[in-house]
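Reader: I would like to learn how to read a model like this one, feature by feature. Where do we begin?

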Amino acid sequence: MSVPTIRLNDGNEIPNLAFGTGSKFKFKDVTEVVEQAINSGFSHIDTAAQYANEQFVGTAIRESGLSRQDLWITTKYGGGDVLEEARTSLRKLQLNFLDLYLIHSPTSIKNGDVEGCWNDMIKVKEAGLAKSIGVSNFTLGVLQRVIKTGKIVPAVNQIHLHPYNYASWKDVLTFSQQHGIVTEAYGALAPITQYPGGPLDPVLLTIAHRIGGTSGQVIFKWAHAKGFVIVTTTARRSRLEEYLDVVHLRASTDLVLPLLADLTPEEVEAIDKAGEKGPPTPVRAGVRVVALVWLSRVRNAAVHATLGALATLTIIMLLCHCFGW
């Protein structure tokens with residue numbers, strides 16, 4: 001079953017769920033995990049020159065046996081001559097063209113020449129090396145400089161985005177919407193993987209219970225409700241299937257409905273408001289550790305000792321916080 005797409009400002013259609021090869025997969029042979037993602041149903045693969053694994057992505061693409069038109073491949077410019085770097089990425093990926101080529105970050109641009117770098121990205125598109133071009137990790141000021149060139153508008157801005165930092169990106173998101181720039185969100189599951197125990201937890205659990213899904217699926221539903229493309233990653237096939245269930249459909253009489261119900265506007269707003277409270281502080285997270293120590297009845301002495309040490313450290317943190325030490 002294919003992944004739904006979003007129309008870009010250049011007319012191309014991008015799948016709204018991508019498998020990323022960054023994070024823990026940087027500098028590693030990702031052949032098997034990319035093959036697994038493709039076999040599970042992912043058609044959008046996201047990589048980068050700086051990940052140093054494009055050649056393995058290329059091997060997985062070739063071994064998948066799929067036709068080129070069945071896949072959407074994104075990679076990113078990380079420095080050097082733009083046209084030459086694009087060609088190098090294509091050689092490693094064993095492709096004739098990219099679906100999407102992004103400037104990885106403003107820090108990738110030599111001497112901060114944003115305008116010059118973007119002009120070179122346009123040359124990549126004009127040379128047929130990439131169907132769509134865009135940017136990544138661009139804040140408002142840098143994005144405005146690109147737009148002021150008066151030439152091609154970026155199709156995409158890929159940023160680290162999740163409910164806890166959503167409010168801090170609102171100026172960029174508003175500007176992007178005004179100019180038809182699609183936002184790609186990586187790290188969307190941070191509230192679960194990096195900041196557990198925060199104000200979002202009960203909200204996500206309540207919604208997850210209603211739709212019959214997981215908290216992670218709720219976050220992805222939230223991102224799609226905002227119109228974002230999600231870039232995610234995992235080495236576990238069960239997780240891949242969980243993520244794909246967010247976009248899969250089911251037949252119901254004469255209708256085709258989402259496998260998991262979409263969020264209501266009220267639920268999207270509830271996530272926004274909980275996210276605005278921010279992630280849990282070390283002190284708040286520490287209190288949870290103390291509670292775990294005192295309430296759990298773990299018999300293993302080694303585990304007791306570990307939890308006891310964490311409790312002691314937490315108490316010290318609480319004292320420092322309360323007395324300003």
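**Reading the backbone and the burial**

Author: We begin in a loop. Ala52 sits between strand E4 (44–46) and helix H2 (54–64). Bear in mind throughout that this is a predicted model.

Reader: What is the sign of phi at Ala52, and what is its value?

Author: Positive, about 55°, although Ala52 is not a glycine. Ala52 is partly exposed, because its relative accessible area is 35% and the partly exposed class runs between 20% and 50%.

Reader: Which loop holds Phe27?

Author: The loop between strand E3 (17–20) and helix H1 (31–40). Phe27 is another residue other than glycine with a positive phi, near 65°.

Reader: Is Phe27 buried or exposed?

Author: Exposed. The cut-off for that class is over 50%, and Phe27 has a relative accessible area of 62%.

Reader: Now a strand. Where does Lys76 lie?

Author: In strand E5, which covers residues 72–77. Thr75 lies in E5 too.

Reader: Is Lys76 buried or exposed?

Author: Buried. Under 20% counts as buried, and the relative accessible area of Lys76 is 0%. Thr75 is also buried, at 0% relative accessibility.

Reader: What lies 2.8 Å from a polar atom of the Lys76 side chain?

Author: The backbone oxygen of Thr47. Thr47 is also one of the residues in contact with Lys76 once neighbours within four places in sequence are left aside. Others on that list include Asp46, Tyr51, His104 and Gln158.

Reader: Which residues does Thr75 contact, leaving aside its neighbours within four places in sequence?

Author: Thr47, Ala48, Ala49, Glu54, Ser89, Leu93, Leu98, Leu100, Tyr101 and Leu102. Compare the list for Lys76, which includes Thr47, Ala48, Ala49, Tyr101 and Leu102.

Reader: On to helix packing. How do the axes of H3 and H4 meet?

Author: Read distance, angle and hand in turn. The axes of H3 and helix H4 (residues 114–126) come within 9 Å and cross at roughly 45°. H3 is therefore oblique to H4. The crossing is right-handed.

Reader: Which residues make the contact?

Author: From H3, Val82, Leu83 and Ala86; from H4, Cys117, Asp120, Met121, Lys123 and Val124. By class, six are nonpolar, none is polar and two are charged.

Reader: Why do residues three or four places apart on an α-helix point the same way?

Author: Because an α-helix has 3.6 residues a turn. Keep that in mind when you look along a helix.

Reader: How far apart are Glu84 and Val124, in sequence and in space?

Author: They are 40 residues apart in sequence and 9.4 Å apart in space, C-alpha to C-alpha. Glu84 lies in H3, residues 82–93. Glu84 is partly exposed, with 35% relative accessibility.

Reader: Last, a whole helix. How many residues of H9 are buried?

Author: Count residue by residue. In helix H9 (residues 215–225), 10 of the 11 are buried, so H9 is largely enclosed by the rest of the structure. Among the buried ones are Val218, Ile219, Phe220 and Trp222. Lys221 and His224 are on that buried list as well.

Reader: What follows H9?

Author: Gly227, whose phi is positive, near 90°. Set that beside Phe27 and Ala52: Phe27 has a positive phi without being glycine, and so does Ala52.

Terms used
Residues numbered from 1 in each chain as written. Predicted model: local features only at pLDDT ≥ 70, side-chain atom pairs only at ≥ 80, totals over all residues. Heavy atoms only, no water. Helix = DSSP H or I, 4+ residues; strand = E, 2+ residues; numbered from the N terminus. Buried < 20%, exposed > 50% of the residue type's maximum accessible area, 1.4 Å probe, protein only. Polar contact = N/O pair within 3.5 Å; in protein donor to acceptor, adjacent residues only side chain to side chain. Contact = heavy atoms within 4.5 Å. Axes fitted to C-alpha atoms, helices over the stretch in contact; angles between N-to-C directions. Parallel < 35°, antiparallel > 145°, perpendicular 65-115°, else oblique. Left-handed = near helix turned anticlockwise from the far one by under 90°. Nonpolar A, V, L, I, M, F, W, Y, C, P; charged D, E, K, R; others polar.
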